[in-house]
Structure formats: C-alpha cells, structure tokens
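Reader: Please choose one part of this structure for a close look, and set it in its surroundings as carefully as you can.

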Amino acid sequence: MSAAASGPGRRARVSRLVSFSATHRLHSKSLSNEENLKLFGKCNNPNGHGHNYKVVVTVHGEIDPVTGMVMNLTDLKEYMEEAIMKPLDHKNLDLDVPYFADVVRGKELLKFYLLAF
C-alpha cells in the first residue's frame with residue numbers, strides 16, 4: 001500500500017479474540033463456611049468451579065503509511081499470549097495467580113486484572 005493510499009490521519013481499529021478456561025472458588029475469609037455457602041452456593045465448592053472466558057482486545061490508532069497497519073497482528077497475538085493466556089489459561093485463579101490470592105474473585109476483578117496490562 002502506498003503512503004498516498006493510506007493518507008495522513010487515517011485511523012482504524014484492529015481486534016483479536018482469545019478464549020481461555022480457568023477455575024476459582026468464591027469464598028470470603030471474612031465469613032464463616034456456612035455464610036459463604038449461603039451467599040455463594042455451589043460457587044463456594046471447596047474444589048472450585050470453572051468458566052470459559054472470551055477476551056477481545058481492540059487497538060485503535062493511526063494507520064502507518066509505510067506498513068498500512070495500525071499494529072502488527074503477530075505482535076498483538078504474542079502480547080495477548082504473554083498477558084492473558086500464559087498466566088490465566090487452565091489455571092486455578094486462587095492458587096496460580098498471585099493477583100487473586102487475597103480477594104474474592106469475580107468477573108469484575110478479572111476485568112481489572114486484564115485492564116492492568
């Protein structure tokens with residue numbers, strides 16, 4: 001693609017989706033075992049329970065007039081492998097991910113973890 005074809009100031013976005021599976025247990029150290037079971041139900045199973053997650057990362061930016069890309073998709077794939085797949089896929093979030101060691105893990109905290117990257 002020539003520099004004239006992409007032009008200055010042309011913007012685009014590129015998205016990539018990854019899926020991963022992980023397990024965790026909803027359990028608060030501030031509550032008794034009975035209170036945890038009442039509040040979280042089957043999600044308080046001592047062996048945990050699993051989820052399948054999908055994460056979409058979107059990069060917005062100006063199209064590079066030389067490459068015709070906002071971002072090299074190979075670079076995005078490698079970044080997502082390091083930031084999402086390696087630390088989270090097929091992991092026990094309670095035991096394998098230090099970020100979640102002392103908090104009750106829910107979807108909201110997973111979102112904050114991912115936004116930190």
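Author: Contact, as used here, means heavy atoms within 4.5 Å. The model is a predicted one, in which local features need pLDDT of at least 70 and side-chain atom pairs count only at pLDDT 80 or more, whereas totals for chains, interfaces and linings use all residues. Residues are numbered from 1 along each chain as its sequence is written, and side-chain values use heavy atoms, with hydrogens and water left out.

The part I have chosen is helix 3, residues 73–88, together with what it packs against and what comes after it. Helices (DSSP runs of H or I, at least four residues) and strands (runs of E, at least two) are numbered from the N terminus. The chain contains five helices and three strands, which follow one another along the sequence in the pattern α-β-α-β-α-β-α-α.

Helix 3 is made of 16 residues and spans 21 Å between its first and last C-alpha atoms, close to the 22 Å expected at 1.5 Å a residue, where the expected span is 1.5 Å times one less than the number of residues. Helix 3 nevertheless bends by about 40° at Glu81, an angle taken between axes fitted to the seven residues ending there and the seven starting there.

Within helix 3, the residues that count as buried (under 20% relative accessible area, with exposed over 50% and partly exposed in between, for a 1.4 Å probe and protein chains only) are Leu76, Met80, Ala83, Ile84, Met85, Pro87 and Leu88. For the chain as a whole, 31% of its 117 residues are buried.

A nonpolar core is a set of buried Ala, Val, Leu, Ile, Met, Phe, Trp, Tyr and Cys residues joined through side-chain atoms within 4.5 Å. The largest such core has 18 residues, of which Phe20, Ile84, Leu88 and Leu110 touch the most other members. Two or more residues are given to this core by each of strand 1 (11–24), strand 2 (49–62), helix 3 and helix 5 (107–115), and helix 3 supplies the largest share, six residues.

Leaving aside residues up to four places away in sequence, Phe20 touches Ile84, Met85 and Leu88, and its other contacts include His51, Tyr53, Val55 and Leu110. The structure holds two aromatic pairs, that is, Phe, Tyr or Trp rings (the six-membered ring for Trp) with centres within 6.5 Å, called stacked if their planes are under 30 degrees apart, edge-to-face if over 60, and tilted otherwise. One of them joins Phe20 and Tyr53, whose ring centres lie 4.9 Å apart with planes at 20°, so this pair is stacked. Because Phe20 belongs to strand 1 and Tyr53 to strand 2, the pair ties together parts that are 33 residues apart in sequence, and both Phe20 and Tyr53 are buried.

Beyond the end of helix 3, the loop leading to strand 3 (91–92) holds His90, which has a positive phi of about 55° although it is not a glycine. His90 is exposed, with a relative accessible area of 65%. Lys91, in strand 3, is by contrast partly exposed at 26% relative accessibility. The C-alpha atom of Lys91 is separated by 5.0 Å from that of Ala22, 69 residues away along the chain. Again apart from residues up to four places away in sequence, Lys91 touches Ser21, Ala22, Thr23, Lys86 and Asp96.
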